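Trainee: Could we go through this structure together, setting each value against its definition?

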Amino acid sequence: MLARRPLLLALLLGCGISFIASGRLTLRLAADGALSFAFLPLSELAGFAVVYGLRRPATAFADAADRFFAGNTPWLWWLLAVIIAAIVLPPHRHGELGAPLLITFLIPTVLSVFIDVRFFRDLVGESRGRARIDVALQRLVSWPAAFAYFLGMASSSRTFFYLFVEIGDEIAAWLTKWT
Amino acid sequence: MADEVDVMAMRFAGALLAASVIIGTAVDRAPVREPIVLGGYRVIAADFHTHSSTWSDGALTPWGLVLEAQHQGLDAIAVTGHRQTQDARWARWFSELIGGPTVLIGEEIPEIPHHVVAIGITETIASSLDIAAQIAEIHRQGGVAIAAHPGEMFWTGFAPVMDRLDGTEICHPAIYQYVGAEEMLEQFASRTRAAAIGSSDFHGLGRLGLCRTFVFARDTSAEAIVEAIRARRTVVYGREGKAYGDAELIKLAEADGRVPKAARPDYSPSAWDRLSQLLGVAGLIGLIAGSRWPAAR
């Protein structure tokens, strides 16, 4: 049971990488993409395990974790939209996806918080405030872990902070182009 | 009853996805290419700026990059991790194991206000060094220093070392993305004696080798490739086939015709690709729709 939805996330990530990197869905690239981005479900699980350990709900960990991963549904739809955009656009125009990705990134980020708050309230019958704390704690563990792995050594340099300047510039350039 | 329908729908979605994978995998063949020899040199299609998923915000593993390089018709790649070279070593080991493309150990030193790509090095170069010391260290290790996507914001950073750069990226995916980027890279290149370099800066989007360098090397070894860059024996094709690099080698390449053709891979999907894409997307929609959040269960 534990593996079902985390595996679905890994599968989506693998398929997405395959489509985005080559325009094709191949076993070679899907397996490689799933392995490359396995840190995402793993870091999510780690964050959830911390909250689960603190709250000790009646539901078994495997079952609870599987249900928790259903909160990724907005992310899965977002990823699917990215895949379709990457298929439709020719490869030399993929760079144009950068700013729209960064802007729309906010939608699944916010939606998944709402879903997860509801999940934690259902799981242990918590108050809304306490469920929010649990979501924040889960994110505090999983997001930095995921970023640290993904960015690696670059995250320890000044460049890491400059990344936010670059993101701002990218969005500003895109908005200027369309307004 | 509702559960049975759900299970059937999920199985159907899975079958669509499996069919997509089977078709996609069947048509995914590495191109068979005859080696190109011009003017006594082996012409090597190379991408000198790629990132792996092992701590370098890329999308493919180091060995995945090697396999993808083969499928994109590249003879050589440099794996250029941010401030580390471990993934490049793994890629080189794997490529040697399977008889794949030449892999050069590389590093992108992403400091402010300059990003330097070091290739043909043996050890990680500390980014805490100033740019002159970084380049001196690259040269001491037998490598070459390439200005990475030198847009205007990086010009002041490179100013003290313009005469010490071995290469400069003249073709980079940014030229397709930003208005004026192509002119900026050209302006920067015109102020150096550095070899013209085309690199994809591949993180996952676009294609590995979307921008590529044709190196006129004595052989396919990493040492010969580095020597050719140092000697400025490169040709790069940018937007709409615009050629950069050594004028004599450009003439040779144009007269032969195979190099310009290799510079513009055909990315247009076949009918099988389209079928695979349709089945794949339909399968993914089915799987996501079938995976609802708890409130709906």
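Mentor: Chain B and chain A bury about 5000 Å² between them, 63% of it on carbon and sulfur atoms, where buried area is the accessible area (1.4 Å probe) that two parts lose on being put together, summed over both. This is a predicted model, in which local features need pLDDT of at least 70 and side-chain atom pairs count only at pLDDT 80 or more, while totals for chains, interfaces and linings use all residues. Residues are numbered from 1 along each chain as its sequence is written, chains are lettered from A and ligands numbered from 1 in the order in which they are written, and side-chain values use heavy atoms, without hydrogens and water.

Trainee: How many residues does the contact take from chain B and from chain A?

Mentor: With contact meaning heavy atoms within 4.5 Å, 57 residues come from chain B and 52 residues from chain A.

Trainee: What makes Asp273(B) and Arg24(A) a salt bridge?

Mentor: The rule asks for a side-chain nitrogen of Lys or Arg within 4 Å of a carboxyl oxygen of Asp or Glu; the N to O distance here is 2.6 Å, so the pair qualifies. Across this interface the rule finds 4 salt bridges.

Trainee: Why is strand E7 of chain B called largely enclosed?

Mentor: Buried means under 20% relative accessible area (exposed is over 50%, partly exposed in between; 1.4 Å probe, protein chains only). Strands are DSSP runs of E with at least two residues, numbered from the N terminus. In E7(B), residues 167-171, 5 of the 5 residues are buried, so the rest of the structure largely encloses this strand.

Note on methods. Helix = DSSP H or I, 4+ residues; strand = E, 2+ residues; numbered from the N terminus.
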